[in-house]
Amino acid sequence: TGEDSYVLEALAQSAVPVILGVNKIDKLSDKKALLPYLQEVAIKRDFVEVFPISAQNGQNLVELEAKITHLLPINTFLFPEDQFTDRTERFLAAEIIREKLVRRLGAELPYRLTVQIEHFSSETNLTHISAIIWVERKGQKPIVIGKKGQMLKAIGEEARKEMEMMVGCKVFLQLWVKVKQGWCDDERALRQLGYSEGE
């Protein structure tokens, strides 16, 4: 396809080893057509190896993974072995709330909502977190809140439990839903909501 050709051209600028994975071979009705096709695409670049694969049924995936592992350079660890992220707990708290929103609301609400942590403080056995869930239109607000606040309550309870596992103590979580029209199209608004470069 045109997209494949674009990727091939971009790869021409790279000196790293390239593996070609041809997916969906389980969809072929005529298996004899596979070999000529693989030969045809293999001459377009000096590929390290060509793998006909089926992601659906797992065909040749173990071999592909083994080849990738073999080609990966051995290097020193960039982070300590017990460090699972370079993000702050404040950032992770917002991500936890976002995840619960997406899981609970599904296709009912477009991804035009975000979470801003307004307050994050820890005492000996309690962490206080308050967050605003920003939506773009007034009509989206009642969807997030739900009938008699039940949706927001469920999202808050799920997020709080996960946050308690993260911080290792009880969490007091407060959530508000507010409307900010055009937040995802406004560069200044994005910066205010924590989407600055490197955030």
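Which residues lie nearest the centre of the largest pocket? Keep that in mind as you go through the views below of this predicted model.

**View 1. The largest pocket and its lining.** Here is what the opening question was after: D4, L8, L20, Y37 and V41 lie nearest the centre of the largest pocket. They belong to a lining of 17 residues, and the pocket has a volume of about 410 Å³. Three elements, α1 (2-11), β1 and α2, each put at least two residues into that lining. The top contributor is α1, which gives five residues.

**View 2. Strand β1 and its two faces.** β1 covers residues 19-22. L20 and V22 sit on its covered face, while I19 and G21 are on the uncovered one. L20 is worth finding again here, as it is one of the residues nearest the centre of the largest pocket.

**View 3. β1 next to β2.** How do these two strands run, parallel or antiparallel? β1 and β2 (residues 49-52) run parallel, and four bridges join them. To get your bearings, look for L20 in β1, which stands opposite V50 in β2. Now add helix α2 (residues 34-42) to the picture: β1, α2 and β2 together make a right-handed β-α-β unit.

**View 4. Helix α6 from end to end.** This helix takes in residues 150-167, 18 residues in total. At 1.5 Å a residue, α6 should span 26 Å, and its end C-alpha atoms are 25 Å apart, so the expected and modelled lengths agree. Just after the helix comes G168, which has a positive phi, near 80°.

**View 5. The buried side of the story for α6.** Which residues of α6 are buried? They are M151, L152, A154, I155, G156, A159, M163, E164 and V167. What do these buried residues pack against? Their partners include two helices you can pick out by number, α4 (89-105) and α5 (141-145). The buried residues of α6 also pack against the strands β3 (113-122), β4 (126-135) and β5 (170-179).

**View 6. Stepping back to the whole protein.** To place the close-ups, it helps to know that the protein has seven helices and five strands. Along the sequence they follow the pattern α-β-α-β-α-α-β-β-α-α-β-α. Of the 199 residues in the protein, 29% are buried. As for contacts with a separation of 6 or more, 62% are between residues 24 or more positions apart.

Methods: Residues are numbered from 1 along each chain as its sequence is written. This is a predicted model: local features need pLDDT of at least 70, side-chain atom pairs count only at pLDDT 80 or more; totals for chains, interfaces and linings use all residues. Side-chain values use heavy atoms; hydrogens and water are left out. The expected span of a helix is 1.5 Å times one less than its number of residues. Buried means under 20% relative accessible area, exposed over 50%, partly exposed in between (1.4 Å probe, protein chains only). Contact means heavy atoms within 4.5 Å. Two strands pair if DSSP finds at least two bridges between them. A crossover is right-handed if, with the strands pointing away from the viewer, the path from the first strand over the helix to the second runs clockwise. On a 1 Å grid over the protein atoms alone, a cavity is a set of points where a 1.4 Å probe fits but cannot get out, and a pocket is an open set with protein on both sides within 12 Å along at least five of seven lines; lining residues have an atom within 4 Å of a point. Grid points are joined across faces, edges and corners, and a volume is the space filled by probe spheres set on the points.
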